[in-house]
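Visitor: Could you take me slowly through a single part of this protein, the nonpolar core, and show me which residues build it?

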Amino acid sequence: MTTATQEETLGFQTEVKQLLHLMIHSLYSNREIFLRELISNSADACDKLRYEALENDGLYAGDAELRVEIEHDAEAGTVTVRDTGIGMNRDEVIKNLGTIAKSGTADFLKQLSGEKQKDAKLIGQFGVGFYSGFIVADEMVVRTRRADSDQGVEWRSRGEGEFTIADIDYPQRGTEIVLHLKDDAKEFADDFRLKNLVRKYSDHIDVPVRMPKVEKARDEEGNEIEGSETVSWETVNEATALWVRPKAEIGDDEYKAFYKHIAHDFSDPLTWSHNKVEGKLEYTSLLYVPERAPFDLYQRDGVRGLKLYVQRVFIMDDAEAFLPLYLRFVKGVLDSRDLPLNVSRELLQKSPQVDSMKSALTKRALDMLKKLSKDKEAYQTFWNTFGDVLKEGPAEDYANRDKISGLLRFTTTHTDGATQDQSLADYVERMKEGQKKIYYIVADGFNAASHSPHLEIFRKKGIEVLLLHDRIDEWLMSHLTEFDGKSFADVAKGDLELDDMADEAEKQAQEETAKSKEELVKRVKEVLGDNVQAVRVTHRLTDSPACVVLPEHEMGFQMRRMMEAAGQPLPEVKPILELNPEHALVSRLERTEGGNFDDLAHILLDQAVIAEGGHLDDPAAYVKRLNLLLSA
Ligand code: ADP
Ligand code: MG
């Protein structure tokens, strides 16, 4: 019998309460996953024991076998999940089962909307874990004893804001979780149902999951003899680590179930890649691309990396040393033969073996994405979710720039849709005869990009331009120099070298216009003075009277605004004002004299700055001038 001492009642952390409430309501239609989550925790606990026992094999004392046991009692309406893993001490129970340690939880919870469908997705992304037991149970009892302690602990809760905790005798090492099923969940206290669920969700776990098998002796006629029951424990799952098995033997469903276990994810992965490497370094990797972004994808201390095993022994979660940051969405397992069992995070950072595995795994991951890109729809899902992260790649990983470039997707003037679904290869294939460069524009949003005056000449000539409008895009483009032998050119910077595509007559006409406007250009420059670096006539515009551009090697407008917003002081650069000689307003300017000329010149400059997405230093002056002119 267990004797309870030192009982205390504690409240759940606010976040736990919120999560519990939402989970119970939004995951109702998927409630069988509670078993997967509890078995997954038991398997993790066995992994941890194996790891700690590397230093202290006394931890196995009394029972050398690692296993999970599942029992049920239909009459009492209970299901019990028990393991011989590491167990927990009192402090750990309070911390692990009373709070949510993951950073960013509060922010995450703020995103929840109260709409079942949406929230179910978000919660899945967060990882439901232990508390999912409360979807089916109105009370959960946890009894546990840490492998290195003599003191057992009991935790009880009805999932309603508080739990009680008490010291108990618990002779066995490990953890036992008893679910007192709700009335409408009694169906889970059933042998057949439980077995099916174990096979469905936990086949790939490398500890055996056992269930009692009741057998009755039979008499000579083959009838069962009452009262002759014997119980033996039957292993229900496959119980070998999935990645160790030959690829050909593993079904897609098993790969998917394994993914959910290691990634603590709720939805299927988009794709995976399983490889055994033999030779100087021996290791097996199983990499996955998730379908959904984790809530901490952009947090500095977000979870990233692979689950590391050394010779089948679990060493650590989130070993981030094996993949670059721009592939932080990749989940998976790495099992190495060569690393020492006592390897630490610090050692990983310094190991040349780790470096060479990292570069091999990076290539694998990029190849996996390339393969995925053959499936347009799936790749689009990937790109919409993780494209911005992959865009960090060219800056971080010079060596793989070409591979990464091939994986990028853009919006362009060719489709004019807001979906980033065109590759650089698509662009190159459509390049015009004589076109040498890949043209792009960077703006603050899709509309600003696609309506930019800078595109007018390109649209007229039918030359495609990439429309970049994500925060990271200018940073990306500053690290991409060429693709397929073609360099990139920002249409808002420097002179346009569309010469090769203009015919002789056109060029001559342009030169003549430029000459005829020399006087005008001079007058405008005099009026605008230091507000501009230069004034010139342009042929890049068809519909707009003027635009502003920057010299070729200047940082672009978008990047400047970003850095200024981040409090980074930058030396001021003045734009170059370009005038469209064919435009009626420019002709009118040419005919205007005196104060009106000054006003109109300023208005043209200010409008060009606005069209480009910039802010005016003195917007009131602009409005005043415009109103004067309108009422003239
Ligand atoms: P996660 O598994 O993602 O960490 P869970 O909510 O599933 O989150 O579990 C919370 C924590 O509770 C685990 O990280 C672990 O420390 C502890 N825990 C849960 N179940 C067990 C168990 N069977 N044995 C030991 N520790 C456990
Ligand atoms: Mg868990």
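Guide: What follows is a close look at the largest nonpolar core, in a model that is predicted. This core has 72 residues, and those with the most contacts inside it are Leu308, Phe322, Leu327, Phe329, Leu348, Phe382 and Leu390. Its largest share, eight residues, is supplied by helix H10, which covers residues 352-372. The core is also not confined to one domain, since at least three of its residues come from domain 2 (242-385) and at least three from domain 3 (409-491).

To see how one member is placed, consider Leu327: once its neighbours within four places in sequence are set aside, Leu327 is in contact with Thr362, Ala365, Leu366, Leu369 and Leu390. Apart from this core lies another one, made of 60 residues, among them Val68, Met88, Leu194 and Val198. As a general point, in soluble globular proteins nonpolar side chains tend to be buried together.

Two further residues may be set beside this picture for their backbone angles and their exposure. Arg312, found in the loop between strand E12 (306-310) and strand E13 (313-319), has a phi near 75°, which is a positive value in a residue other than glycine. Its relative accessible area is 43%, so Arg312 is partly exposed. Asp318, which lies in strand E13, likewise is not a glycine and has a positive phi, of about 55°. Asp318 counts as partly exposed because its relative accessibility is 29%, and partly exposed is the class between buried, under 20%, and exposed, over 50%.

Conventions
Residues are numbered from 1 along each chain as its sequence is written. Chains are lettered from A and ligands numbered from 1 in the order in which they are written. This is a predicted model: local features need pLDDT of at least 70, side-chain atom pairs count only at pLDDT 80 or more; totals for chains, interfaces and linings use all residues. Side-chain values use heavy atoms; hydrogens and water are left out. A nonpolar core is a set of buried Ala, Val, Leu, Ile, Met, Phe, Trp, Tyr and Cys residues joined through side-chain atoms within 4.5 Å. Buried means under 20% relative accessible area, exposed over 50%, partly exposed in between (1.4 Å probe, protein chains only). Helices (H or I, at least four residues) and strands (E, at least two) are DSSP runs, numbered from the N terminus. Domain bounds come from an automatic or database domain assignment. Contact means heavy atoms within 4.5 Å.
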